[in-house]
Amino acid sequence: MNTVTDKAVRSRRALSGDVMQVFYRLLAVALLCAILATLSDVFLSANNILNVLRQTALLFLMASGLTLVILTAGLDLSVGANIALSACLAASVMKATGSPLLGVATGIGCGAMVGLANGVLVTALRIPSFIATYGMMWMLTGATYYYMAGDTIHGFPPAFRQLGSGYLLGVPTPVYVMLLFLLIGVLFAQRTIWGQQIYAIGANPVAAHLSGVPVERRLVLVYTVSGAMAGLASLIILARINSAQGDIGEDLTLPAIAAVLVGGTSLFGGSGTEVGTLIGALILTLVLNGMNLLQINSSWQPLATGLIILLAVWIDTRTRKIGE
Amino acid sequence: MIAHKLNLDSGTIARVPGVAIVLGVLCVFFGVTSPGFTTPANIANILTQSTILLLLALPMTVIIMTEGLDLSAGAVLTFASIVLAITVVTTGSAALGLLAALTAGLGFGLANGLLIAVFDIPPFITTLGTLGIAQGLSLVVTDGQSVVGIPRSIEMFYSGTAAGIPLPVIIGALAYAATHVLLYHTRFGTYVFALGGNREALKVAGISVRGMLIRVYVFGGLMAGFAALLMTARLNSAHPTAGIGMEFDAIAAVAVGGTSFERGNGWLLGTLLGVIAVGVLRNGLNLLAVPSSAQVGCIGALVIIALFIDGLRGER
């Protein structure tokens with residue numbers, strides 16, 4: 001009984017808190033846009049806005065699966081490396097068979113298998129998630145470089161390329177993919193029992209276990225979903241740049257983590273939303289896009305992303321302390 | 001409480017065969033498969049090459065014992081190496097260069113420690129953030145280029161010998177001895193065991209947990225500074241990607257060596273054997289002409305096997 005009322009109270013509180021969180025973040029978006037529009041003539045050009053939307057879509061797809069992982073108080077550091085391997089495998093399958101469908105299946109399948117392996121390491125071997133996925137990251141990077149041996153695979157079927165560089169009604173295709181998965185993500189997290197169980201695991205794994213949540217199976221699920229989303233993201237990158245190389249996923253993990261954390265998902269699990277992650281992805285894209293427009297050397301980007309992560313987590317810890 | 005925690009050492013000693021078996025199997029395997037492996041020159045080579053890793057793995061053991069982690073070690077090593085190279089090239093003084101590298105390492109160690117201890121940010125995310133910052137700084141300072149023109153005075157730290165023993169091996173032995181004394185024969189070391197094992201007891205005893213954590217990460221930063229000296233000397237240059245991923249080898253060595261990620265159960269000799277195991281693995285795979293990209297996978301497999309053995313023995 002207690003858990004039911006607790007849950008009801010928590011979800012009501014979480015609701016008003018979530019609304020405020022979203023509000024503050026939209027304010028940050030507006031502020032960033034105002035600053036960038038003032039500093040750069042190009043920012044408001046149709047071309048750049050479409051570019052920002054496309055980048056946001058890509059970042060959101062990577063971050064949406066990761067959000068579920070972080071909701072369980074875990075972390076997936078292998079996202080970028082997973083993207084590299086999935087993209088390279090999908091590219092070579094497409095090159096060999098000429099079938100976009102097989103390519104898509106390979107990309108998502110490879111991503112999901114990697115995610116499944118992460119889930120097994122975390123649950124069956126009980127390795128802390130940040131160490132398991134960190135080790136996975138280096139193994140995937142090694143495997144990708146080994147497989148590609150310095151080669152580049154390029155030139156994919158036009159039908160496949162639509163996925164990354166096509167337009168529908170003047171809007172880039174990835175944006176539609178993003179909206180589709182946003183809808184799925186929100187419905188899954190907020191409206192299904194599995195989604196609620198994921199929140200419960202993050203809030204208190206022991207309590208979740210005692211109230212009958214199959215904790216290990218749900219954990220395997222979130223890592224697999226995170227991997228599958230990385231696989232999907234890899235396809236969009238592949239379709240956009242039309243070539244695959246071993247280093248394709250480099251520098252993608254930090255921004256993805258930053259998007260989730262800036263979006264208000266707590267690193268300590270149990271609170272956060274997919275909508276927040278979308279706004280986080282938008283904020284991060286605006287910052288990185290702005291740095292490009294202001295012609296700041298791209299070497300500053302990992303530094304900025306690192307600082308943003310630290311800032312977001314610091315705010316998270318502060319808020320939690322005040323909450324207690 | 002603390003004494004009780006220390007008594008767990010008898011439990012960790014039961015792991016001796018684990019690391020030793022892994023190392024033994026690797027040596028026998030490579031001894032049989034690659035003829036050059038057992039030559040004295042190659043063995044000296046393995047020990048020399050392992051020193052840089054040892055300098056990162058020693059503080060990593062201490063950090064992991066406090067239930068922490070340092071993902072920034074490789075990036076800080078890289079940044080310190082660049083700072084060292086630039087200082088040496090502009091001033092010509094090896095001492096100033098080392099001082100600069102140690103300052104850079106100290107700065108990042110202090111930043112890690114403060115963020116973790118004072119701002120309460122979890123270690124893996126703190127050091128992931130500082131990894132990005134150190135990597136970014138390295139790229140910004142060098143504009144992606146190598147720093148070259150390192151004088152002989154630096155190079156000799158890697159290639160020189162004293163009484164026939166390679167200098168890096170001597171530096172590694174000194175670092176190991178110092179960390180051993182620090183961990184097993186000082187109050188600091190006792191508190192480190194308590195930090196991972198029973199933090200509450202430490203608080204109750206009136207010890208500043210924050211101060212301890214800061215010192216632990218500062219130690220890590222300083223050792224990365226020393227490692228930067230050896231790496232710059234070895235490569236005879238500094239490059240903004242040279243040390244990236246070195247922390248993976250260090251964490252792997254600590255894990256293979258039997259230090260647990262969750263209970264503050266650490267074993268320094270295990271780390272030494274773990275470092276040598278990783279060094280033997282890399283060297284042997286090199287002799288077998290396995291590309292370095294595939295070597296990472298082998299090291300990962302080694303860690304998973306080690307953790308699996310841990311799990312089988314019910315150590316968790």
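A:V215 has its place in helix α10 of chain A, which covers residues 215-241, and the model in which this residue is described is a predicted one. Because A:V215 has 19 C-beta neighbours inside 10 Å, it counts as partly exposed; the cut-off that matters for this reading is that a residue is called buried if 20 or more other C-beta atoms lie within 10 Å of its own.

The contacts of A:V215 add to this picture. When residues up to four places away in sequence are left aside, A:V215 touches A:I201, A:P205, A:A208 and A:H209. For one of these partners a separation can be given: A:I201 and A:V215 stand 14 residues apart in sequence, while their C-alpha atoms are 6.7 Å apart in space.

From here the path leads to the meeting of the two chains, where 30 residues of chain A are in contact with 36 residues of chain B. On the side of chain A that touches chain B, α5 (129-148) and α13 (300-323) each supply at least two residues, and the residues of that side divide into 21 nonpolar, 8 polar and 1 charged.

Of these two helices, α5(A) can be followed further. Helix α5(A) has 20 residues and reaches 28 Å from its first C-alpha to its last, which is close to the 28 Å expected at 1.5 Å a residue. The helix is also mostly covered, in that 18 of the 20 residues of α5(A) are buried. Just after α5(A) comes A:A149, a residue that takes a positive phi of about 45°.

How values were computed. Residues are numbered from 1 along each chain as its sequence is written. Chains are lettered from A and ligands numbered from 1 in the order in which they are written. This is a predicted model: local features need pLDDT of at least 70, side-chain atom pairs count only at pLDDT 80 or more; totals for chains, interfaces and linings use all residues. Two residues are in contact if their C-beta atoms, placed from the backbone, lie within 7 Å. Helices (H or I, at least four residues) and strands (E, at least two) are DSSP runs, numbered from the N terminus. Ala, Val, Leu, Ile, Met, Phe, Trp, Tyr, Cys and Pro count as nonpolar, Asp, Glu, Lys and Arg as charged, and the others, Gly among them, as polar. The expected span of a helix is 1.5 Å times one less than its number of residues. A residue is buried if 20 or more other C-beta atoms lie within 10 Å of its own, exposed if 12 or fewer, and partly exposed in between; C-beta atoms are placed from the backbone.
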